[in-house]
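Look at the model below and pick out its helices and strands. This report takes the packed helices, then the strands, then the aromatic rings.

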Amino acid sequence: MSSSDPQNLETLAWHELEAKSLLRANAQSLAKAQESSSTGSWNDWVAKDLSQGDWVVVELPLAAYELPPSAAGFIGADLVSQWNDLVSDVCDVHNQFIGMKQSLVGAILAGDERVQDFKLRSRSWVDLYIDRRVKKTLAKTGGSTKQFQLLISELLPKIEEIAYREGSANKWLMGEFTDYLPAQLLNATCRSLLDTKFDQRTLSTAYRILSRDPVEQHYLAELSNLYQWHHFDDLPNIFAMVKGLKPDQDQGLNADQIRVRLQELVDDIQEMRPFLRHNYRPENIVVEVVPGLVISFRWAVGLGVGFIPVAPSTDEMLKHHHRSTGTVSMTIGYDGILLNLSSPWIDSNSLLKDLPEALLCNLWLLEIVHSRLLELYSKIDIDAVLRRFRIRNSEVPLSPVVEASEEEFAALCQLISEPNEGQSNSAGSRTFQSIGGVRVQRLLSILADKLGCEVRQGKGSEIVIYREGGHHFRLGHHKRNSCVPPFLIRSLLFRVGVSLDEWIGAVGA
């Protein structure tokens, strides 16, 4: 499939809108970083990262991902082999985007199951690496901070070089890797030297380094600022304030039932996104959850579905929105699970051992966001959106179908949407009003029966879709007949080579 095909360019144009949104958000963040009076390592890193050019992705050989030849000597041949397996998959995905700008790659990979799969595999690799190296070097370094210094210099510089190489799109796949490794290494060595204190009145965290050595103090303080380690407990601190809600209707829910409900909620939010995002104002969703805890909602691009910023009061939240500032935010993952913003491996699932109410707190917060977004969505006239699109097409009957906006494409998908299967019996929880979405089985049936696509089972839960002349598309399928959001359907059509004309015919528009 050539990107010069007019139909492919139409679909590519939609991704470019997402990429432009990402670039605008980055530009705003860069301006704030440059205006800030702070000269800390975090602020400096943000400014450096965001000031990099939006380069075009070039082909990379697998050799570009290799660890130093000496690595096998200190981590073992088995870990080197596992690394090679990981980066082979990264290289394969990367080289599918040659010639595109890296911001566009970020928009296309948003929600791609391969990204999450690589994150999980890379975390396992890091855990094995750290466990092995900490045990081997414990008696040789003369202190926990010195051990951290030794180990952080072994492989991280090389991995950072690979992840942020100019001309690559690797950061969309490997960006978390370069934060997770130092965080886990800290936990395994000198975490006891970092003391934090959460102020519930201001929802802010102060920290201090418990070392008498001024050089060591400065070193660890710089790293804590750089990696935002003092925000490790943001999510549990917020949940601790929320857990007192405990609505009676939710008390019988088990973890699996809550996860089903979270997926339903986030599927709905994804369906609403195309209709709400462009004229969205976060000031329209400001809710006091409990005294001293106010939440809002912002859409995200490439980093999850959205963000839930928190503030101690409505006035403080409105100030943050006006100034584009903030102190604490939670990220909404593509499965509805809430994540720490700067350390996304800390999420509602990982907190369950120490905070059994974590998933319930997650559910209550996401339900609030969903209900407020639904209020805005209920004002959208989907039929009117479709009528405008049909009128524009009728004005040029002999030409190819005109480009569909994000909103119009989502409205086309609504023609074949189905309600969430679990909404009528959501484990006894409160009534859930759902707008539904395009379910996997319905989508696959249309692709196979009406659009000439080959549909087959891939690795694990993956479904592979292919049509002659296009590329293979791998669709994650982690629960039975889940919903597929419009942006992912559009990515799928783009990859396999289905034109907008064909899609309109298939959905009966």
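A crossing is left-handed if the near helix is turned anticlockwise from the far one by less than a right angle, and right-handed if clockwise. The model is predicted, so local features need pLDDT of at least 70 and side-chain atom pairs pLDDT 80 or more, while totals for chains, interfaces and linings use all residues. Residues are numbered from 1 along each chain as its sequence is written, and side-chain values use heavy atoms, with hydrogens and water left out.

**Helix pairs**

Helices (H or I, at least four residues) and strands (E, at least two) are DSSP runs, numbered from the N terminus. Two packed helices are described by the angle between their axes and the distance between the axes. Axes are lines fitted to C-alpha atoms, for helices over the stretch in contact, and angles run from 0 to 180 degrees between N-to-C directions. Angles under 35 degrees count as roughly parallel, over 145 as roughly antiparallel, 65 to 115 as roughly perpendicular and the rest as oblique.

Take helix H8 (residues 156–163) and H10 first. Their axes come within 9 Å and cross at roughly 165 degrees. H8 is therefore roughly antiparallel to H10. Their crossing is left-handed. Leu156, Ile159, Glu160 and Ala163 of H8 meet Phe177, Thr178, Leu181 and Pro182 of H10; contact means heavy atoms within 4.5 Å. By class, this contact has 6 nonpolar, 1 polar and 1 charged residues. Here Ala, Val, Leu, Ile, Met, Phe, Trp, Tyr, Cys and Pro count as nonpolar, Asp, Glu, Lys and Arg as charged, and the others, Gly among them, as polar.

Now turn to helix H13 (residues 255–276) and helix H17 (residues 406–414). They pack at about 140 degrees, with axes 7 Å apart. H13 and H17 are therefore oblique to each other. H13 passes H17 in a left-handed crossing. On the H13 side, the contact residues are Glu271, Arg273, Pro274 and Phe275; H17 adds Glu406, Glu407, Ala410, Ala411 and Gln414. They divide into 4 nonpolar, 1 polar and 4 charged.

**Strands**

Strands of a sheet pair through backbone hydrogen bonds, either parallel or antiparallel. Two strands pair if DSSP finds at least two bridges between them. The table shows two antiparallel pairs.

| Strands | Bridges | One bridge pair |
|---|---|---|
| E3 (residues 286–290) and E4 (residues 293–296) | 4 bridges | Glu288 and Val294 |
| E10 (residues 454–457) and E11 (residues 463–466) | 4 bridges | Val455 and Ile465 |

The hairpin of E3 and E4 has 2 residues between the strands, and Gly292 takes a positive phi near 90 degrees. The hairpin of E10 and E11 has 5 residues between them, and Gly460 in its turn has a positive phi of about 55 degrees.

E10 and E11 also belong to an open sheet of 3 strands, in the order E10-E11-E12, with antiparallel pairing. Its edge strands are E10 and E12 (473–475), each pairing on one side only. The twist averages 25 degrees from one strand to the next. Helix H19 (residues 486–496) lies across E11 and E12, at about 150 degrees to E12.

**Aromatic rings**

How many aromatic pairs are found in the whole structure? The search finds 13. Rings of Phe, Tyr and Trp (its six-membered ring) pair if their centres lie within 6.5 Å; planes under 30 degrees apart count as stacked, over 60 as edge-to-face and the rest as tilted. Trp83 and Phe177 have ring centres 5.6 Å apart and planes at 80 degrees, so the pair is edge-to-face. Trp83 lies in helix H4 (residues 77–94) and Phe177 in helix H10 (residues 177–188), so the pair ties together parts 94 residues apart in sequence.
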